[in-house]
Amino acid sequence: MELQKPHLTPPFTKGHISVARMTNYWYIACQSQELTDKPLVRTVIGIPLVLFRGGDGKAAALLDRCPHRNIALSLGQVVNGNLECPYHGWQFDNSGTCQVVPGLCSVPDQSGTRAVAYPVVEQDGFVWVFGNADIEPETLPYQFPNINDSSYTTWREEFAYECTLHAALENITDVSHTPFVHTGLLRGDPKRKQITVAIRNQSNGIEIEYLDEPRPSGLAAQIIAPNVTEVNHFDRFLLPSMAQVEYRFGNNYNLLVTQAMTPVSDFQIRNFLVVTFRLGLPGWVMQPLVKFLLSSIIRQDGVVLKAQAENIRRFGGEQFMSTDVDLVSSQIWFMLQQAERGELRQPKEISEKRVQILI
Amino acid sequence: MELQKPHLTPPFTKGHISVARMTNYWYIACQSQELTDKPLVRTVIGIPLVLFRGGDGKAAALLDRCPHRNIALSLGQVVNGNLECPYHGWQFDNSGTCQVVPGLCSVPDQSGTRAVAYPVVEQDGFVWVFGNADIEPETLPYQFPNINDSSYTTWREEFAYECTLHAALENITDVSHTPFVHTGLLRGDPKRKQITVAIRNQSNGIEIEYLDEPRPSGLAAQIIAPNVTEVNHFDRFLLPSMAQVEYRFGNNYNLLVTQAMTPVSDFQIRNFLVVTFRLGLPGWVMQPLVKFLLSSIIRQDGVVLKAQAENIRRFGGEQFMSTDVDLVSSQIWFMLQQAERGELRQPKEISEKRVQILI
Amino acid sequence: MELQKPHLTPPFTKGHISVARMTNYWYIACQSQELTDKPLVRTVIGIPLVLFRGGDGKAAALLDRCPHRNIALSLGQVVNGNLECPYHGWQFDNSGTCQVVPGLCSVPDQSGTRAVAYPVVEQDGFVWVFGNADIEPETLPYQFPNINDSSYTTWREEFAYECTLHAALENITDVSHTPFVHTGLLRGDPKRKQITVAIRNQSNGIEIEYLDEPRPSGLAAQIIAPNVTEVNHFDRFLLPSMAQVEYRFGNNYNLLVTQAMTPVSDFQIRNFLVVTFRLGLPGWVMQPLVKFLLSSIIRQDGVVLKAQAENIRRFGGEQFMSTDVDLVSSQIWFMLQQAERGELRQPKEISEKRVQILI
């Protein structure tokens, strides 16, 4: 039942929400260890998938729907390396080809009985799925830096955000919310310093470098880099759905936090966190501290992002306004839109602009 | 709030779901024993009804909404054979005529104050309601065979399916799912035999006869027909919403399973099961066994049908493909659509076609 | 997923529901005592508001959405008399002006950073909010009679109705439901008397006077006015959302029940009840009795109104029919519609018509 819409003055919203659906990219569907001999359900940019390992142990991703009577294939089982439908026993191999139609006297028609299959690459402990079915992707999944360097410690974890991809990306690459959302943990000192920020548009994303930034106030920096004065801080957006925060302390120490986000639906994100670090103390000493601090920060961001998403939906859409402090929010949104339309395949020139903020 | 729709490749669905609404037919609303002196709420093909027994004990069905201020009449009570509205005390008789408007000095206007009334027939322990209000139906409800034959035992039960009517009808008239959904109970022997199936289109439905079918493997047949070799097996679809499975064992023994289904809404069915049988042992011996076996089978079908419906809705519509093994699915759907448009009133010629399947 | 709509005969509804949204009026948002130094969430005619007390203790109402990133301001806190956003720390004063944008080197742009502010008046213990933002209202909130007269006792309470404003207004100004919904408590004597009712259309509402009405049967009248024979009974609708019931017993005694209703959404009403009375016994004796009786009556109305709203929504809209007993329902709806369109600003002539009913 639809009632006449309210005609309030002023209108509350433009009715728009920053949702982009970029199909021409790789997304992490799950961690390798999650995919065993049982079918696994995962939704990637709104596409319901069933993941399984075929007879050769190779990961496969099919649309989670039998082409015959449309029941979820994920309710079935793997039989001789094929995925068997639970309703009428049709069997599909890694490539989606139907191998068995029980009861049929003739050979099944190959094209009509196919299940939709998505390209899969297993790399660095993650199962990546491409957002377009039945094609050969021209690109490879993202390669996480440092994780094969033995002088680095790597910590991985899975989180969830309940918000749009754009909202999460702008949050992670934004320092101005940190004193309010992470008070005491990351910044929050009322005495601020004016610094210069360099913003670099790149072919596959945006890099922010904070020039002359002091070591952030708050517990996190005190624990992770207790005796440090020289800090280099970068925030990065990487297409289609990654945000990266890097701190370099002098020449030797480094903390690289990558959130590789897989949009499940318009307001649900599965967030695969990969943290690599080389800090003053041994990895086994630092890891619990890094884990505690970053988990806390991500959990706080999750709360504020969920609240933001709920209020936007309550109003039926966004009505944002930005200032100079919102460094890259509009550019990220612009690139997401371009990527959604498939207009981002050619690398562009790197351009740089500089902005002043109080940090 | 509506977001822009995804534009994924390939499209997931044709956006269609096999839902038909046939108003020109009789449906079972409830069992006779369920209808006492209290108003009873039942929804039949999406129509919210209140059933009650008038002063003469005659069953009546009104639209469950007072014509005055639209509150549910089922919240009221029967007063002197009339159904009284709980809000302002208006009273309606079996035919929907308003007999009392309290507070009104004049006589109530007969046409304006009427409640919408549906034709009702009580027959064989069921209260049948016609899907069109305020008309004289040209047909009578279905007459269940054998239930008045004392050599037969009858067992009745009420079940629910959470799927479309079409999905339930094609499931009941389909043998190819039985080895997978009812493994061990009904078929499942990996050694299959090629048989011929005769499919007969009739004026009011479709009959399938399985020629040369051996006694089905599995527990059910072993218990119901332990020493039988000769089997005659029929599956039938009867307009608008019945499916029937009949097994004849030799000349004397017979098992007739009728599922008379009343669509409540597009994805909810109230399933009135009527089983009549004459088997080797006395009825009181066989009934618990028949009940156990059929209840198990229907429950298993209910699970798979619900899963199918959920996945179809998750994808926003159906995208079916069929093979020769799907004997009558398309024809059932075609007849449901015809019946919905009211094009099935004249009996047509009986036609027969033959198909080979592995059973 | 949208299925084809049912095409039943006859159609169940006109698809209309009596919902009006009148923005050019004052509504009670909360009681004064509810508004402390914490932000308070209230929704008034569908507008999500955050109420708070600024530095001077003055009540303020802003749209509950930060103009920057649209999170709910009600999740923030009051800092130096400004409301601070929980996400990036923007601060807004009573008038919605943004006073602080942390991190920004320049002065924030005044027009772009404003929060939407609604006119607020605090009067007689209530915080009233005007339904149009950023304007100077030409009217003042309603002044409850008698509450400053020391010979009267006043009782206030907050209730909720789950129905449309129109349904609640017609219920309160309707006597014909009372024998059925409030049986034994208010009317219900099967012996009815024919009386004359005067209906007066006024500039800002409608007044009903029941001429020659006997003291109502039922417990309520026996307790409140035990020895009374002379009764004057008025029901009133006052724009935009008030209904009033007044009983005068002789020259001295009076019971005035005002339900000042604030529509929260189309089917939710916050009902601020104000009862002033001067009866035979002292106020402290009568108050518990008045409270018990009126609470019971309002609770019974709440149940029936909720059931009515649920059934109307189940049918997708209203299909009402009225008789002479429905004294002012259509006129109230007509005035609500006029008020929604802003056509009711000039006072009209008072007109009176007379109707006979059985009470």
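Q: What makes β13(A) and strand β14 of chain A count as paired strands, and in which sense do they pair?

A: In this predicted model, β13(A) and β14(A), the latter covering residues 205-211, are joined over 7 bridges in the antiparallel sense. Two strands pair if at least two bridges are found between them, and the 7 bridges here meet that condition, so the two are called paired. Within this pairing, Ile199(A) has Ile208(A) of β14(A) as its bridge partner.

Q: Why are β13(A) and β14(A) called a hairpin, and how many residues lie between them?

A: The two strands form a hairpin with 2 residues between them, and their pairing is antiparallel.

Q: How do you know that strand β13 of chain A is also joined to strand β19 of chain A?

A: Strand β13 (residues 194-202) and strand β19 (residues 351-358) of chain A run antiparallel and are joined by 8 bridges. Since pairing requires at least two bridges, the 8 found here satisfy the condition, and therefore these strands pair as well. One of the positions concerned is Gln194(A), whose bridge partner in β19(A) is Leu358(A).

Q: What makes β1 and β10 of chain C edge strands?

A: The open sheet to which they belong has 3 strands in the order β1-β11-β10 (chain C), with antiparallel pairing. Both β1 (26-31) and β10 (120-123) of chain C pair on one side only, and they are called edge strands on that ground. Neighbouring strands of this sheet are turned by 30° against each other on average, when direction is ignored.

Q: How do you know that β1(C) and strand β11 of chain C pair?

A: Strand β11 (residues 126-130) of chain C and β1(C) share 5 bridges in the antiparallel sense, and because at least two bridges are needed, the pairing is established. Across it, Trp26(C) stands opposite Phe130(C) in β11(C).

Q: Why is one side of β2 and of β9 of chain C left without a neighbour in the sheet?

A: The sheet in question is an open one of 4 strands, in the order β2-β3-β4-β9 (chain C), with antiparallel pairing. β2 (40-44) and β9 (117-118) of chain C stand at its edges with a single partner strand each, so one side of each has no neighbour in the sheet. Also in this sheet, strand β3 (residues 47-53) of chain C runs antiparallel to strand β4 (residues 59-63) of chain C and is joined to β4(C) by 5 bridges; here Phe52(C) has Ala60(C) as its bridge partner in β4(C).

Q: Why is the meeting of Arg187(C) and Glu213(C) called a salt bridge?

A: The closest N and O atoms of Arg187(C) and Glu213(C) are 2.9 Å apart, and because the limit for a salt bridge is 4 Å, the pair qualifies. A search of the whole structure finds 51 salt bridges over all chains.

Q: What makes the pair Arg187(C) and Glu213(C) a tie between parts apart in sequence?

A: Arg187(C) lies in the loop between α2 and β13 (194-202) of chain C, whereas Glu213(C) lies in the loop between β14 (205-211) and α3 (219-224) of chain C, so the pair ties together parts that are 26 residues apart in sequence.

Q: How do you know that the side chains of Asp326(B) and Arg69(A) meet in a salt bridge?

A: The N to O distance between Asp326(B) and Arg69(A) is 3.7 Å, and because the cut-off is 4 Å, the pair counts as a salt bridge. Across the interface of chain B and chain A, 3 salt bridges are found. The interface of chain C and chain B also has 3 salt bridges, among them that of Arg69(B) with Asp326(C), whose closest N and O atoms are 3.7 Å apart.

Q: What makes up the side of chain B that touches chain A, by class and by element?

A: The contact takes 42 residues from chain B and 42 residues from chain A, and about 3300 Å² is buried between the two chains, 59% of it on carbon and sulfur atoms. The count of residue pairs in polar contact between chain B and chain A is 16. Two or more residues on the side of chain B come from each of α1 (165-172), α2 (178-181), α4 (283-315) and β19 (351-358) of chain B, and α4(B) provides the largest share, 8 residues. By class, this side has 18 nonpolar, 16 polar and 8 charged residues.

Technical notes. Residues numbered from 1 in each chain as written. Chains lettered and ligands numbered in written order. Predicted model: local features only at pLDDT ≥ 70, side-chain atom pairs only at ≥ 80, totals over all residues. Heavy atoms only, no water. Contact = heavy atoms within 4.5 Å. Buried area = accessible area lost by both parts, 1.4 Å probe. Polar contact = N/O pair within 3.5 Å; in protein donor to acceptor, adjacent residues only side chain to side chain. Nonpolar A, V, L, I, M, F, W, Y, C, P; charged D, E, K, R; others polar. Axes fitted to C-alpha atoms, helices over the stretch in contact; angles between N-to-C directions.
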